[in-house]
Amino acid sequence: MDCSSCAAKIEGAARKVDGIQDVKVSIASQIMTLEVDDPGRRLPILETAVTDLGYQLDRIGGQKGANSEHDHDEEGDDDHIPDLSHVTPAYKRALWIVVLLNVGYGIVEIAGSFIAGSQALQADSLDFLGDGLISFLGLIAVGWGLAARAKAALLQGIFLGLLGLGVVASTVYRVFIEHQPESLVMGVFALIAFVVNVLAAVVLIPHRKGDANMRAVWLFSRNDAIGNLAVVAAAGAVWWTGSQWPDLIVAFAVAGLFLQSAWSIIRDARSDLRQAGR
């Protein structure tokens with residue numbers, strides 16, 4: 001999961017534009033706020049910079065004097081929503097397919113992690129479930145106000161964080177209990193996971209330059225496919241060395257990235273709730 005890396009890329013591109021400061025991208029609500037000294041001249045440059053990364057911006061609300069692109073600090077702005085012209089039946093259908101692929105295989109991979117005795121598979125299954133939940137939130141929250149999206153994201157972040165801590169605790173336990181995973185079973189499930197993520201990425205290719213949510217979901221699928229190969233490599237290393245450590249190292253890495261994303265969601269959701277005055 002790379003929610004925080006997506007936000008960091010957009011913030012970095014925005015900060016390079018002269019006259020723009022205090023840039024913040026919330027991965028909870030998919031909203032960017034900033035201050036700009038000349039909106040009429042600076043904002044088109046900003047939009048081009050972000051579009052060049054493959055993202056799309058939808059302006060929300062009016063301009064607060066000459067200082068802000070988005071008016072989320074004004075009372076009642078929670079009712080403003082982005083332009084939803086891109087939310088076509090094909091767009092929703094693609095998101096539903098991604099949700100079902102991620103959640104469905106996440107459950108299958110959990111079972112596979114117990115069969116193989118692999119912590120890396122367990123962490124990877126958590127990643128599938130997390131991406132599925134993020135995609136589902138993006139699907140049902142289309143058109144919601146800032147406060148509603150922030151509350152949903154806060155609950156999601158807490159839930160994902162608890163799952164991540166559970167995987168870390170389980171992996172720590174395995175450190176002290178000698179257990180070599182079934183490398184063949186581990187590798188097979190990881191390869192299937194790779195195929196599932198590739199399928200999800202293919203489904204999303206026509207929509208990868210849609211709104212920020214769709215772009216993020218596409219990146220999740222693309223980058224997670226690469227991450228699945230790390231689990232395959234760990235399975236090969238377990239077979240080659242006869243040690244459980246390759247499996248545990250990958251599990252810690254995946255779980256750590258997952259917890260980082262969960263914390264980013266919680267942090268941004270709390271910030272959005274403060275902005276909405278809730």
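The side chains of Arg-15 and Glu-11 are joined by a salt bridge, with N and O 3.6 Å apart. This is a predicted model. Both residues sit in helix α1 (residues 3-15), and because they are 4 residues apart, about one helical turn separates them. In general, an α-helix has 3.6 residues a turn, so residues three or four places apart point the same way. Arg-15 is partly exposed at 48% relative accessibility. Glu-11 is buried at 13%.

## Salt bridges

The count of salt bridges comes to 4. Asp-37 and Arg-42 form one of them. Arg-267 and Asp-268 form another. The table sets out three of the bridges with their N to O distances.

| Residue | Partner | N to O distance |
|---|---|---|
| Arg-15 | Glu-11 | 3.6 Å |
| Asp-37 | Arg-42 | 3.2 Å |
| Arg-267 | Asp-268 | 3.3 Å |

Asp-37 is partly exposed, with a relative accessibility of 46%. Its partner Arg-42 is buried at 13%. Arg-267 is partly exposed at 39%. Asp-268 is buried, with a relative accessible area of 1%. A network of salt bridges links Lys-24, Arg-267 and Asp-268.

## An unusual backbone angle

Most residues other than glycine have a negative phi. Asp-22 is not a glycine, yet its phi is positive, at about 50 degrees. Asp-22 belongs to strand β1 (residues 20-26). Its relative accessibility is 52%, so Asp-22 counts as exposed. Gly-117, which follows helix α3, also has a positive phi, near 65 degrees.

## The recorded transmembrane regions

An unreviewed UniProt entry lists residues 94-116, 128-147, 154-177, 183-205, 225-242 and 248-266 under "transmembrane region". How does the model fold two of these spans? Residues 94-116 are 100% helix and 0% strand. The end C-alpha atoms of that span lie 32 Å apart. Residues 225-242 are 94% helix and 0% strand. Here the end C-alpha atoms lie 26 Å apart.

## Helix α3

Helix α3 covers residues 89-116. What span should its 28 residues have? At 1.5 Å a residue, the expected value is 40 Å. The end C-alpha atoms are 40 Å apart, so the model agrees.

Buried residues of α3 include Tyr-91, Leu-95, Val-98, Asn-102, Tyr-105, Glu-109 and Ser-113. Ala-90, also in α3, is partly exposed, with a relative accessible area of 32%. Ala-90 and Pro-206 are 116 residues apart in sequence. In space, their C-alpha atoms are 9.5 Å apart.

## Aromatic pairs

How many aromatic pairs does the whole structure hold? A search finds 3. In one pair, the ring centres of Tyr-105 and Phe-128 are 5.3 Å apart. The ring planes of Tyr-105 and Phe-128 meet at 65 degrees, so the pair is edge-to-face; the cut-off for that label is over 60 degrees. This pair links distant parts of the chain, with Tyr-105 in helix α3 and Phe-128 in helix α4, 23 residues apart. Are the two residues buried or exposed? Tyr-105 is buried, with a relative accessible area of 8%. Phe-128 is buried too, at 2%.

## A nonpolar surface patch

Helices α3 and α4 also share a patch: α3 (89-116) and α4 (119-140) each supply at least two of its residues. Which residues form this nonpolar patch on the surface? They are Trp-96, Leu-100, Phe-136, Ile-140 and Trp-144. Together they have about 470 Å² of accessible area. Trp-96 lies in helix α3. At 42% relative accessibility, Trp-96 counts as partly exposed.

## Helix α6

Helix α6 covers residues 183-204. At 1.5 Å a residue, its 22 residues should span 32 Å. The end C-alpha atoms are 31 Å apart, which agrees. The buried residues of α6 include Ser-183, Met-186, Gly-187, Phe-189 and Ala-190. Also among them are Ala-193, Val-196, Asn-197, Ala-200, Ala-201 and Leu-204.

How values were computed:
Residues are numbered from 1 along each chain as its sequence is written. This is a predicted model: local features need pLDDT of at least 70, side-chain atom pairs count only at pLDDT 80 or more; totals for chains, interfaces and linings use all residues. Side-chain values use heavy atoms; hydrogens and water are left out. UniProt positions are given in the numbering used here, feature names are shortened, and annotations may be inferred rather than shown by experiment. The expected span of a helix is 1.5 Å times one less than its number of residues. Buried means under 20% relative accessible area, exposed over 50%, partly exposed in between (1.4 Å probe, protein chains only). Patches are made of residues with over 30% relative accessible area and no salt bridge: like charges are joined within 9 Å, nonpolar side chains (Val, Leu, Ile, Met, Phe, Trp, Tyr) within 5 Å. Accessible areas come from the Shrake-Rupley method with a 1.4 Å probe; for residues, only the protein chains shown count as cover. Rings of Phe, Tyr and Trp (its six-membered ring) pair if their centres lie within 6.5 Å; planes under 30 degrees apart count as stacked, over 60 as edge-to-face and the rest as tilted.
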